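Here is a short report on one protein chain and its ligand. Please keep the sequence and the 3D view open while reading.

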Amino acid sequence: MTELVQQLPILYSFRRCPYAIRARMTLLHCSIPFELREVLLANKPRSMLLVSPKGTVPVLVLNDGTVLDQSLDIMHWAINSTYPSASDPNNWMAAEIPTIGRRLIEANDTEFKRALDAYKYEKPGDTRSLSDYRTDAEWFLVGLEDRLEYNRFLMADRISLVDIAIFPFIRQFAGVDPNWFDQSPYAKLRGWLAHLLQSDLFLGSMTKHPVWRPDESIRN
Ligand SMILES: N[C@@H](CCC(=O)N[C@@H](CS)C(=O)NCC(=O)O)C(=O)O
């Protein structure tokens with residue numbers, strides 16, 4: 001008798017990538033088993049580029065061949081297929097005020113991400129200081145701090161998809177100058193970040209994996 005081996009969904013991922021972190025945290029929250037393929041961004045596997053030529057991680061390949069190559073799509077797919085009922089507290093979308101939540105994530109992924117990258121990467125010969133770049137990004141932190149005045153998390157008193165979508169980027173921001181962040185006026189945001197950094201969800205999603213090395217990988 002032939003035994004049918006159920007293939008797991010495959011996640012092409014890069015450990016420190018904030019988009020991949022939010023996808024992995026969601027898959028973990030949904031207890032969805034998957035095969036993690038850690039990639040080197042400078043040497044992406046051909047099998048990943050074949051299914052998603054744009055070449056960014058994360059990429060999730062489902063058993064039926066469906067390819068999800070946007071982190072938010074992976075998050076939505078995982079939640080919808082695991083916790084379809086809006087009344088389920090595990091349904092991270094139920095707590096979301098749709099328009100505000102969507103706008104926050106969009107602002108995070110566009111203007112804040114651009115400002116964060118400018119703050120993170122020093123440019124030789126630049127006349128602007130680190131604090132100039134930080135100021136360009138701070139408007140986003142002010143908005144988050146405001147929201148946390150009213151709720152423990154960004155949309156409600158419990159975690160929503162909005163928290164997890166934004167958290168890896170705030171982690172990066174805090175890491176650029178931890179001393180500044182520790183003394184910044186964003187006390188509620190610091191508490192929110194500390195809580196998520198200590199969560200099983202985050203710690204579990206940061207497990208180290210050796211780089212996946214298929215025979216056919218493209219070498220630079
Ligand atoms: N919109 C994409 C963005 C993903 C993204 O930009 N990932 C970065 C790593 S953090 C990447 O793969 N960059 C390609 C590269 O550096 O070659 C998503 O949400 O999944």
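The sections below cover the sheet, the ligand site, two backbone features and two residues elsewhere in the chain.

## The sheet

This is a predicted model. Its open sheet has four strands in the order S2-S1-S3-S4, and the pairing is mixed. Which strands stand at the edges? They are S2 and S4 (67-68). Each has a single partner strand, so one side of each lacks a neighbour in the sheet.

Start with the parallel pair. S1 covers residues 10-13 and S2 covers residues 35-38; four bridges join them. Within this pair, leucine 11 stands opposite leucine 36 of S2. Between the two strands the chain passes through helix H1, residues 18-29. The resulting β-α-β crossover is right-handed.

Now the other sense. S3 and S4 are antiparallel, paired over two bridges. Here leucine 60 faces a partner in S4, leucine 68, standing opposite. In a regular strand, side chains alternate between the two faces of the sheet.

## The ligand site

Which residues surround the ligand? The shell consists of Cys17, Pro18, Tyr19, Arg22, Leu41, Lys44, Gly55, Thr56, Val57, Pro58, Gln70 and Ser71. By type, six are nonpolar, four polar and two charged. H1 supplies the largest share of this shell, with three residues.

Three contacts can be checked atom by atom. In the side chain of lysine 44, an N or O atom is 2.6 Å from a ligand oxygen. The side chain of serine 71 also places an N or O atom 2.6 Å from an oxygen atom of the ligand. Valine 57 uses its backbone instead: an N or O atom there lies 2.9 Å from a ligand oxygen. Taken alone, the ligand exposes 520 Å², and the protein buries 70% of that area.

## Two backbone features

Where is the cis peptide bond? It joins valine 57 and proline 58, with omega about 5°. Both residues also belong to the ligand shell. Proline 58 sits in the loop that runs between helix H2 (46-51) and strand S3 (59-61).

Serine 31 is the second feature. This residue is not glycine, yet its phi is positive, near 50°. Most residues other than glycine have a negative phi, and most peptide bonds are trans. Serine 31 is in the loop between H1 and S2. Is serine 31 buried or exposed? Its relative accessibility is 61%, so it counts as exposed; the cut-off for that class is over 50%.

## Two residues elsewhere

Leucine 144 belongs to helix H5, residues 130-150. Its relative accessibility is 0%, so leucine 144 counts as buried. How far is leucine 144 from methionine 155 in space? The C-alpha atoms are 10.0 Å apart, and the two residues are 11 apart in sequence.

Histidine 209 lies in the segment after helix H9 (200-205). With a relative accessible area of 36%, histidine 209 is partly exposed. Along the chain, 170 residues separate histidine 209 from valine 39. In space, their C-alpha atoms are separated by 9.6 Å.

Terms used:
Residues are numbered from 1 along each chain as its sequence is written. This is a predicted model: local features need pLDDT of at least 70, side-chain atom pairs count only at pLDDT 80 or more; totals for chains, interfaces and linings use all residues. Side-chain values use heavy atoms; hydrogens and water are left out. Two strands pair if DSSP finds at least two bridges between them. A crossover is right-handed if, with the strands pointing away from the viewer, the path from the first strand over the helix to the second runs clockwise. A residue is near a molecule or strand if one of its heavy atoms lies within 4 Å of it. A polar contact is a pair of N or O atoms within 3.5 Å; within protein, one must be able to donate a hydrogen and the other to accept it, and residues adjacent in sequence count only if both atoms are side-chain atoms. Accessible areas come from the Shrake-Rupley method with a 1.4 Å probe; for residues, only the protein chains shown count as cover. Ala, Val, Leu, Ile, Met, Phe, Trp, Tyr, Cys and Pro count as nonpolar, Asp, Glu, Lys and Arg as charged, and the others, Gly among them, as polar. Buried means under 20% relative accessible area, exposed over 50%, partly exposed in between (1.4 Å probe, protein chains only).
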